[in-house]
Amino acid sequence: MPDLFSLRPAVEADRPYLNSYTYAEGMDYLPSLDGVTVAANADDEPVGFIRIVLDSQGVAHVNPVVTHGLWRGYGVGKALMEQAQQEHGELRLVSRGSSKPFYDALGFECCGWDLIEKGVSEDCDGCEMRDECQPQPMRKVV
């Protein structure tokens with residue numbers, strides 16, 4: 001649905017939107033805009049974003065991908081993930097909560113925690129909501 005949104009690198013003016021989206025999902029604010037791509041509506045307002053973190057071997061980790069609640073179901077998350085896959089090849093991530101079916105539908109497979117960059121997985125270590133969240137390491141290789 002490219003007529004509904006377009007993808008572009010994040011800019012500083014996007015930060016309030018992105019931080020409100022992470023906060024609404026119970027996540028920390030973004031430490032920087034490095035590796036962040038936004039999906040922007042016709043008014044150039046972010047409706048979703050993805051942040052890619054490269055590990056020491058150059059493997060891309062999604063941390064996180066978030067779509068504003070009103071924009072879910074319009075292909076925003078899928079478009080962000082597909083662009084990241086085209087750019088980086090293999091993607092790794094930690095699926096949290098009810099997001100696993102989304103990643104399953106995109107062809108991701110479960111993998112071991114040893115394949116996930118420590119900076120990505122450390123949020124799960126000792127988290128009081130771990131049982132409820134049921135984090136699952138996943139990856140997709142093209």
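Let me begin with Asp 104 and Lys 100, whose side chains meet in a salt bridge, with 3.1 Å from N to O, in what is, I should say at once, a predicted model. These two residues are four apart in helix H3, which covers residues 100-105, and so they are separated by about one helical turn. As a general point, an α-helix has 3.6 residues a turn, so residues three or four places apart point the same way. As for the surroundings of this pair, Asp 104 is partly exposed at 36% relative accessibility, and Lys 100 is partly exposed as well, with a relative accessible area of 27%.

How many salt bridges does the count come to? The count is eight, and I will go through a few more of them. Glu 12 and Arg 15 meet through their side chains at 2.8 Å, N to O, and Glu 12 counts as exposed, because its relative accessibility is 51% and the cut-off for exposed is over 50%. Arg 8, Asp 14 and Asp 44 are linked with one another in a network of salt bridges.

Then there is the salt bridge between the side chains of Glu 25 and Arg 72, at 2.7 Å from N to O. Glu 25 sits in the loop between helix H1 (15-24) and strand E2 (36-40), while Arg 72 sits in the loop between E4 and H2, so this pair ties together parts that are 47 residues apart in sequence. Glu 25 is partly exposed with a relative accessible area of 40%, and Arg 72, at 44% relative accessibility, is partly exposed too.

Let me turn now to the sheet. It is an open sheet of seven strands, and if you follow the strands across it, the order is E1-E2-E3-E4-E5-E7-E6, with mixed pairing. Which strands are the edge strands? They are E1, which covers residues 6-9, and E6, each of which pairs on one side only. In general, the strands of a sheet pair through backbone hydrogen bonds, either parallel or antiparallel, and both senses can be found here. E4 and E5 pair in the parallel sense over two bridges, and Ala 60 stands opposite Leu 91 in E5. E5 and strand E7, residues 136-140, run antiparallel and are joined by five bridges, with Leu 93 standing opposite Met 138 in E7. E7 is also joined to strand E6, residues 109-110, by two bridges, and this pair runs antiparallel; here Glu 109 has Arg 139 in E7 as its bridge partner.

From the sheet we can move to helix H2, which runs over residues 76-88. Its 13 residues reach 18 Å from the first C-alpha to the last, close to the 18 Å expected at 1.5 Å a residue. The buried residues in H2 are Val 76, Gly 77, Ala 79, Leu 80, Met 81, Ala 84 and Gln 85. After H2 comes Gly 89, which has a positive phi, near 80 degrees.

Where do the helix and the sheet come together? The largest nonpolar core has 20 residues, and those touching the most other members are Ile 50, Val 62, Met 81, Leu 91 and Phe 108. At least two residues of this core come from each of E3, E4, H2 and strand E5 (91-95), and H2 gives the most, with five residues. If we look at Leu 91, its contacts beyond four places in sequence include Ile 52, Val 62, Met 81, Ala 84, Phe 108 and Met 138. There is also a second, separate core of nine residues, among them Tyr 21, Leu 30, Leu 33 and Phe 49.

I would like to finish with one residue, Asp 55, which lies in the loop between strand E3 (46-54) and strand E4 (60-67). Is Asp 55 buried or exposed? Asp 55 counts as buried, because its relative accessibility is 9% and buried means under 20%. Its side chain reaches the backbone nitrogen of Gln 57 at 2.9 Å, and it reaches the backbone nitrogen of Val 59 at 2.9 Å as well. Leaving aside residues up to four places away in sequence, Asp 55 touches His 61, Arg 92 and Glu 117. Gly 26, by contrast, is 29 residues from Asp 55 in sequence and 24 Å from it in space, C-alpha to C-alpha.

Technical notes
Residues numbered from 1 in each chain as written. Predicted model: local features only at pLDDT ≥ 70, side-chain atom pairs only at ≥ 80, totals over all residues. Heavy atoms only, no water. Buried < 20%, exposed > 50% of the residue type's maximum accessible area, 1.4 Å probe, protein only. Contact = heavy atoms within 4.5 Å. Polar contact = N/O pair within 3.5 Å; in protein donor to acceptor, adjacent residues only side chain to side chain. Expected span 1.5 Å × (residues − 1). Core = buried A, V, L, I, M, F, W, Y, C linked by side-chain atoms within 4.5 Å. Pairing = 2+ DSSP bridges. Salt bridge = Lys/Arg side-chain N within 4 Å of Asp/Glu carboxyl O.
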